[in-house]
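These are my notebook entries on one protein model. I set down what I looked up, in the order in which I took up each topic.

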Amino acid sequence: MTFYPTMEEFRNFSRYIACIESQGAHRAGLAKQLVTGQSGLFTQYNIQKKAMTVREFRKIANSDNHGGKYSREKNQPEPPPKREPGEEFRMEKLKQLWEKAQRLHLSPVKLAELHADLKIQERDELNWKKLKVEGLDEDGEKEAKLIRNLNVILAKYGLAGKKEAQMVNSNAIGDGDQEDELGDPRLEKLWHKAKTSGKFSSEELDKLWREFLHHKDKVHEYNVLLDTLSRTEEIHENVISPSDLSHIKGEVLLSRHAELKDKLRSINQGLDRLRKVSHQGYSSEAEFEEPRVIDLWDLAQAANLTKKELELFREELKHFEAKIEKHNHYQKQLEISHQKLKHVESLGDREHISRNKEKYALLEEKTKELGYKVKKHLQDLSSRISRARHNEL
């Protein structure tokens, strides 16, 4: 159909469209408008297509004519880019540790945990370098703490380059090196009793096992720090220092002894708790369930905080525990995804392998990210309690 509107009619376009539709333009499929004016001849086309079903639209949208830009594959989020070796960390020594850990074929969960630990270590070391430039670590205490923390990481993940994951002297508390054992006869006896008592559901046994492993890690860390302190004292005894620096070294050693004493107290309290829980089961009135949160809450209660400060800290610990539970969930999903990927790879289905690799990569990145946040939050909370205890003394 062809229409010849005047400029006056064409000026109000919506009214004009209603007018030509009343004459059947919308049923014609193609309506040609010829508008004559002082500037020449203008032509406008109004093309109306017939209605289509969702299936027809999807077929057209996914066709080659449209480049498939509306397809599911085109609109799915891209998997995170795979980092090349050496891009994970800025510090060379941490890059080398990360590469070594990958060669050792640690489990996905262990690797994600190590990644978070190394990220925290890198952040702290870079911050320390700034402090050192400004002359704010004259006694070397912050540097010594960084070295101790790195030694704990090396021992925890078997990266120390020794047959044993750590050096244990005659004063050390015994702990085991095998990942699937607790290494302490007292802990193994308690665990066996708890498993066979019938007082725990499978979920509660999982929770209790995490507490046992947490206790083992605390003992492990204590032994590494004890060994580091012993070697430091030997070095200090053999070094002649100016008299004005001797008191600084003495204060540093006292500070390290105090740190060890606190850790030993925490270990003993943890062992008492494990004995109690293993014999009596979990109480429905328990304040917290996560071992690290329980430790922090015990320290907070002993730090002589005001009632208001303690209540605020309790609320923050609840948020922290929720964050840990989320991280634990992603760790389990990562392990499941890893097992599924290994199964699919054994079948050789390329499409399924590609899909599972993408899912695994996303879970791996999320687990690393959450692991870092949990460890950073734990470090911040521990520092606050430590400062409160120090101020009290």
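**Entry 1. A buried acid and its partner.** I began with Asp 124, which counts as buried at 17% relative accessibility. The model is a predicted one, and I read every value below as computed from it. I then looked up the partner of Asp 124 and found a salt bridge with Arg 123, whose closest N and O atoms are 3.2 Å apart. Arg 123 is partly exposed, with a relative accessible area of 21%. The cut-off for buried is under 20%, so Asp 124 at 17% falls below it, whereas Arg 123 at 21% does not.

**Entry 2. The whole chain.** I next took stock of the protein in general terms. Its secondary structure comes to 14 helices and three strands. Of its 393 residues, 35% count as buried. I also checked the contacts with a separation of 6 or more, and residues 24 or more positions apart account for 69% of them.

**Entry 3. Further salt bridges.** How many salt bridges does the structure hold? I noted 15. Side chains of opposite charge can pair when their charged atoms come close.

I looked up the pair of Glu 290 and Arg 292, whose side chains meet in a salt bridge at 3.1 Å, N to O. Are these two residues buried or exposed? Both Glu 290 and Arg 292 are buried.

I then turned to Glu 351 and Arg 355, whose salt bridge has an N to O distance of 2.8 Å. Both belong to helix H14 (residues 350–392), and because they are four residues apart there, about one helical turn separates them. Glu 351 is exposed, with a relative accessible area of 54%. Arg 355 is partly exposed, at 44%.

I also recorded a network of salt bridges that links Glu 113, Asp 117, Lys 156 and Lys 375.

**Entry 4. Around Asn 356 and His 220.** I stayed with helix H14, where Asn 356 has its place. Asn 356 counts as buried, at 8% relative accessibility. Which residues does Asn 356 contact, leaving aside its neighbours within four places in sequence? I listed Ser 337, Lys 340, Leu 341 and Val 344.

I looked up His 220 next, and placed it in helix H10. His 220 is also a buried residue, with 11% relative accessibility. Between His 220 and Lys 156 I read a C-alpha to C-alpha distance of 7.4 Å, although 64 residues separate them in sequence. Lys 156 is one of the residues in the salt-bridge network of the previous entry.

**Entry 5. Aromatic pairs.** I counted four aromatic pairs in the model. In the pair of Trp 191 and Trp 209, the ring centres are 4.9 Å apart and the planes stand at 45°, so I entered the pair as tilted. Trp 191 lies in helix H9 (residues 185–197) and Trp 209 in helix H10 (residues 202–237), so the pair ties together parts that are 18 residues apart in sequence. Trp 191 is buried, with a relative accessible area of 13%, whereas Trp 209 is partly exposed, with 24%.

I then examined Phe 288 and Trp 297, whose ring centres are 5.8 Å apart; their planes are at 70°, so this pair is edge-to-face. Phe 288 is buried, at 4% relative accessible area. Trp 297 is buried as well, at 7%. Returning to the tilted pair, I noted that Trp 191 and Trp 209 form one aromatic cluster with Phe 212.

**Entry 6. Helices H12 and H13.** Two packed helices are described by the angle between their axes and the distance between the axes. I looked up both for helix H12 (residues 291–301) and helix H13 (residues 307–347): the axes come within 10 Å and cross at roughly 170°. That makes H12 roughly antiparallel to H13, because angles over 145 degrees count as such.

Which residues of H12 meet H13? On the H12 side I wrote down Arg 292, Val 293, Leu 296, Trp 297, Ala 300 and Gln 301. On the H13 side I wrote down Leu 310, Phe 313, Arg 314, Leu 317, Phe 320, Glu 321 and Ile 324. By class, this contact has nine nonpolar, one polar and three charged residues. Two of its H12 members had come up in earlier entries: Arg 292 in the salt bridge with Glu 290, and Trp 297 in the aromatic pair with Phe 288.

Conventions:
Residues are numbered from 1 along each chain as its sequence is written. This is a predicted model: local features need pLDDT of at least 70, side-chain atom pairs count only at pLDDT 80 or more; totals for chains, interfaces and linings use all residues. Side-chain values use heavy atoms; hydrogens and water are left out. Axes are lines fitted to C-alpha atoms, for helices over the stretch in contact, and angles run from 0 to 180 degrees between N-to-C directions. Helices (H or I, at least four residues) and strands (E, at least two) are DSSP runs, numbered from the N terminus. Angles under 35 degrees count as roughly parallel, over 145 as roughly antiparallel, 65 to 115 as roughly perpendicular and the rest as oblique. Contact means heavy atoms within 4.5 Å. Ala, Val, Leu, Ile, Met, Phe, Trp, Tyr, Cys and Pro count as nonpolar, Asp, Glu, Lys and Arg as charged, and the others, Gly among them, as polar. Rings of Phe, Tyr and Trp (its six-membered ring) pair if their centres lie within 6.5 Å; planes under 30 degrees apart count as stacked, over 60 as edge-to-face and the rest as tilted. Buried means under 20% relative accessible area, exposed over 50%, partly exposed in between (1.4 Å probe, protein chains only). A salt bridge is a side-chain nitrogen of Lys or Arg within 4 Å of a carboxyl oxygen of Asp or Glu.
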